Amino acid sequence: MAWSTRGLRGSTFEELINRTNEKYKELGLALVQKIPTPITPIKIDQEKRHITLAYFEQKSTVDYIGVIQGLAVCFDAKESDSDTFPLQNIHAHQMDFMSNFEKQEGIAFILIYFTKHEDFYYLRYEELEKFWNRMLDGGRKSFRRDELDNNFFFKQEDIVFVPYLESFQKDLDIRD
């Protein structure tokens with residue numbers, strides 16, 4: 001099941017994750033749900049029944065929350081069309097949420113789709129925190145793809161679109 005080489009566009013990556021999560025649920029492997037961002041509509045096109053202007057009611061936390069084999073997880077989905085990932089794509093309140101989630105013995109991570117390479121990366125919270133702290137200490141405001149642990153790159157498979165469970169298991173193994 002391959003997609004166009006032009007790469008995923010915006011919410012398409014999240015849709016593939018949603019379908020992956022549905023498959024994991026069917027297989028009894030995980031129960032993970034997309035968290036909607038609460039908005040307040042300002043203008044609505046009555047003919048088309050579309051919201052044309054709205055504002056966010058509150059800062060979002062992460063895109064997904066759930067349970068994998070009895071372990072609480074939260075994660076966000078991000079894309080990069082180059083070999084660098086700007087940390088401005090992650091907000092301080094998200095880092096705070098993931099930090100607190102980890103302190104409660106949950107597992108936080110980010111799934112990144114590198115469109116240029118058509119592969120995915122499972123960014124463990126601990127690894128993200130190192131890049132984040134480097135930025136706060138005056139260092140790079142991004143990280144390079146070649147700085148990442150090769151063991152956490154993965155490709156699409158036939159059974160699920162974004163098969164992140166193997167990387168999740170690797171994350172668990174490192175924590176033990």
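This section describes the sheet, the salt bridges and selected surface residues of a predicted model.

The central element of this description is an open sheet of six strands, arranged in the order 1-4-5-7-8-10 with mixed pairing. Strand 1 (30-34) and strand 10 occupy the edges; each has a single partner strand, so one side of each is left without a neighbour in the sheet. Strand 4 (residues 64-68) and strand 5 (residues 71-80) run antiparallel and are joined by five bridges. Within this pairing, Ile-65 has Cys-74 of strand 5 as its bridge partner. Helix 4 packs on the sheet, where it touches strand 4, strand 5, strand 7 (107-114), strand 8 (119-124) and strand 10. The direction of helix 4 makes about 135° with that of strand 7.

A search of the whole structure yields 13 salt bridges. One of these connects Lys-34 with Glu-14, with the closest N and O atoms 3.5 Å apart. Because Lys-34 belongs to strand 1 and Glu-14 to helix 1 (residues 11-26), this pair ties together parts that are 20 residues apart in sequence. Lys-34 counts as partly exposed, at 31% relative accessibility. A salt bridge is also formed by Arg-19 and Glu-15, whose closest N and O atoms are 3.4 Å apart. Both residues lie in helix 1, four residues apart, or about one turn of the helix. Arg-19 is partly exposed at 43% relative accessibility, and Glu-15 is likewise partly exposed, at 36%.

Asp-119 and Arg-145 form a further salt bridge, in which the closest N and O atoms are 2.3 Å apart. Distant parts of the chain are linked by this pair: Asp-119 is in strand 8, whereas Arg-145 is in the loop between strand 9 (142-144) and strand 10, 26 residues apart. Both Asp-119 and Arg-145 are buried. In addition, Arg-134, Arg-144, Asp-146 and Glu-147 are joined into one network by salt bridges that share partners.

On the surface, a nonpolar patch is formed by Leu-27, Leu-29 and Ile-159, which together have about 270 Å² of accessible area. Ile-159 is located in the loop between strand 10 (153-154) and helix 4 (165-175). With a relative accessible area of 57%, Ile-159 is classed as exposed. Another loop residue, His-91, is found between strand 6 (84-86) and helix 2 (92-103). His-91 is partly exposed, with a relative accessible area of 41%. His-91 and Thr-61 are separated by 30 residues in sequence and by 9.0 Å in space, C-alpha to C-alpha.

Definitions and conventions
Residues are numbered from 1 along each chain as its sequence is written. This is a predicted model: local features need pLDDT of at least 70, side-chain atom pairs count only at pLDDT 80 or more; totals for chains, interfaces and linings use all residues. Side-chain values use heavy atoms; hydrogens and water are left out. Patches are made of residues with over 30% relative accessible area and no salt bridge: like charges are joined within 9 Å, nonpolar side chains (Val, Leu, Ile, Met, Phe, Trp, Tyr) within 5 Å. Accessible areas come from the Shrake-Rupley method with a 1.4 Å probe; for residues, only the protein chains shown count as cover. A salt bridge is a side-chain nitrogen of Lys or Arg within 4 Å of a carboxyl oxygen of Asp or Glu. Helices (H or I, at least four residues) and strands (E, at least two) are DSSP runs, numbered from the N terminus. Buried means under 20% relative accessible area, exposed over 50%, partly exposed in between (1.4 Å probe, protein chains only). Two strands pair if DSSP finds at least two bridges between them. Contact means heavy atoms within 4.5 Å. Axes are lines fitted to C-alpha atoms, for helices over the stretch in contact, and angles run from 0 to 180 degrees between N-to-C directions.
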